[in-house]
Each structure stands twice: as structure tokens, then as C-alpha cells.
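Visitor: I have a model open in my viewer, and I would like to know what stands behind the terms people use for it. Could you take me through them?

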Amino acid sequence: MDNKTLLFLFLFLFSLYAPISYSDPNPPSVAHAQLTNYGFPIGLLPSSVQAYNLNQTSGHFSVHLGDSCKLTLPPDNYVATYSRKITGKIDQGRIADLQGIRVRAFFQWWSITGIRSSGDNLVFEVGMVTAKFPTKNFVESPKCEGQRSSS
Ligand SMILES: *[C@@H]1O[C@H](CO)[C@@H](O)[C@H](O)[C@H]1NC(C)=O
């Protein structure tokens, strides 16, 4: 398999790590609420958001997590990291110029550069590679490892 095939496989496995239930109807932060306003599920951001800025004219945003955030995804211990500061440009159903979110798979770090939402599905862009997954796998905001719960 080449790298792109492996990446797709990884993202598929990632999507299987789905929260089984989500009972809290309140988004953890304003940033999460804004995600839903733009047609995205809150599970794209960890629960540790401390500050958030959005220019509603241009769509440029920054999300501050206070500290970098690491998530280990069972069952195969894939690692995803969020930088202290995530930036990008959000539009209805579209996040572009994304910086600060990476996944480690197959001995490499892959930066998620953009995300598109069509309602039922999310399309993740890693450079020229894309992979599509059900939005319902991202309904819960994950907690960072080694940090106290913020909720
Ligand atoms: C928001 O974006 C618009 C368009 O790019 C720009 O003209 C404006 O200065 C920005 N506002 C702030 C507060 O950065």
C-alpha cells in the first residue's frame, strides 16, 4: 500500500472510534456553538477551549486551548495533536487554511488542512488527499490527555 492508501485506512479506523452516546445538549464553549452554526459537529474541537476569536466578515478564526492537546485513539493508539492555537478560515460547511491539527499515522505526521461538511458527512483534507466520514462520529467533544476535565 502507498502512503495515501494507508492514510485513508487510518482515517477510516479513526472514524470507528465513535462515541456511543452523547447526552449533554449544551456545547462546551462558544467556539463549539459556532462550529454548529457553520454546519460542523462539536467533536472537531477538544473540550479544553479557553478562548476563541472569529471575524464574522472574513471567517478567519483562532481557537486557544491553553495548552497543546494530545489524544490517543484506541484500539491502535493512533495519536492526534492540537496545537495551543488553531487557526483557519470558516465558511458555511467549509473550513480552509487550517493550521494546528495533526494526526500521526504510519510513522508520519499529517496536517489536516481543511474540513468540509455536507451535513451527514465530513470530508477531511490532508493536502491533496481527502477522506469522507459520517458526521455522527464527531458528536462528542473529546478530552485531552493529561488534563483535568474542563466541564
Ligand atoms: C475582519 O475581516 C475584514 C475582511 O477581511 C477586515 O476588513 C476587517 O478589518 C477584519 N476585522 C478585524 C477586527 O480584524
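Guide: Here is a walk through the charged pairs, the disulfide, one helix, one hairpin and the core. Please keep in mind that this is a predicted model.

Visitor: Thanks! What makes Arg-84 and Asp-67 a salt bridge?

Guide: The closest N and O atoms of Arg-84 and Asp-67 are 3.9 Å apart. The cut-off is 4 Å between a side-chain nitrogen of Lys or Arg and a carboxyl oxygen of Asp or Glu, so the pair qualifies. The partners come from distant parts of the chain: Arg-84 sits in strand β4, residues 78–91, and Asp-67 in the loop between β2 and β3, 17 residues apart.

Visitor: Why is Arg-84 called exposed, and why is Asp-67 called partly exposed?

Guide: Arg-84 has a relative accessible area of 51%, and exposed means over 50%. Asp-67 comes to 38%. Buried means under 20%, and partly exposed is the range in between, so Asp-67 takes the middle label.

Visitor: How many salt bridges does the structure hold?

Guide: There are three. Besides the pair of Arg-84 and Asp-67, Arg-94 meets Glu-125 at 3.5 Å, N to O, and Arg-116 meets Glu-125 at 2.7 Å. Both of these distances fit within 4 Å.

Visitor: What makes Arg-94, Arg-116 and Glu-125 a network?

Guide: Glu-125 takes part in a salt bridge with Arg-94 and in another with Arg-116, and these three residues are linked through those bridges. Arg-94 lies in strand β5 and Glu-125 in strand β8, so their pair ties together parts that are 31 residues apart in sequence.

Visitor: Which of these three side chains are buried or partly exposed?

Guide: Glu-125, at 11% relative accessible area, is buried, as the limit is under 20%. Arg-94 at 31% and Arg-116 at 34% are partly exposed.

Visitor: How do you know that Cys-69 and Cys-144 form a disulfide?

Guide: Their sulfur atoms are 2.0 Å apart, and the cut-off is 2.5 Å. A search of the whole structure finds one disulfide. With -105 degrees about the S-S bond, this link is left-handed. Cys-69 lies in strand β3 and Cys-144 in the segment after β9, so the pair ties together parts that are 75 residues apart in sequence. Both cysteines are buried.

Visitor: What makes one face of helix α2 the buried one?

Guide: In α2, residues 30–37, the buried residues are Ala-31, His-32, Gln-34 and Leu-35. Seen down the helix axis, they fall within an arc of 160 degrees, so they line one face. On the other side, Val-30 and Asn-37 are exposed. As a reminder, an α-helix has 3.6 residues a turn, so residues three or four places apart point the same way.

Visitor: Why is Ser-29 said to cap α2?

Guide: A side-chain oxygen of Ser-29 lies 3.2 Å from the backbone nitrogen of Ala-31, at the N-terminal end of the helix. A polar contact requires N or O atoms within 3.5 Å, so this pair counts. Ser-29 itself belongs to the loop between α1 and α2, and at 16% relative accessible area it is buried. After α2 comes Gly-39, with a positive phi near 90 degrees.

Visitor: How do you know that β1 and β2 pair?

Guide: DSSP has to find at least two bridges between the strands, and β1 and β2 have four, in the antiparallel sense. For instance, Leu-54 has Phe-61 of β2 as its bridge partner. The hairpin has five residues between its strands, and Gly-59 takes a positive phi near 85 degrees there.

Visitor: Which residues of the largest nonpolar core touch the most other members?

Guide: They are Phe-40, Leu-44, Ile-90, Ile-95, Leu-98, Ile-115 and Phe-124, out of 32 residues in that core. At least two residues each come from α2, β2, β3, β4, β5, β8 and β9. The largest share is that of β5, with five residues.

Note on methods:
Residues numbered from 1 in each chain as written. Predicted model: local features only at pLDDT ≥ 70, side-chain atom pairs only at ≥ 80, totals over all residues. Heavy atoms only, no water. Buried < 20%, exposed > 50% of the residue type's maximum accessible area, 1.4 Å probe, protein only. Arc of directions from axis to C-beta. Polar contact = N/O pair within 3.5 Å; in protein donor to acceptor, adjacent residues only side chain to side chain. Core = buried A, V, L, I, M, F, W, Y, C linked by side-chain atoms within 4.5 Å.
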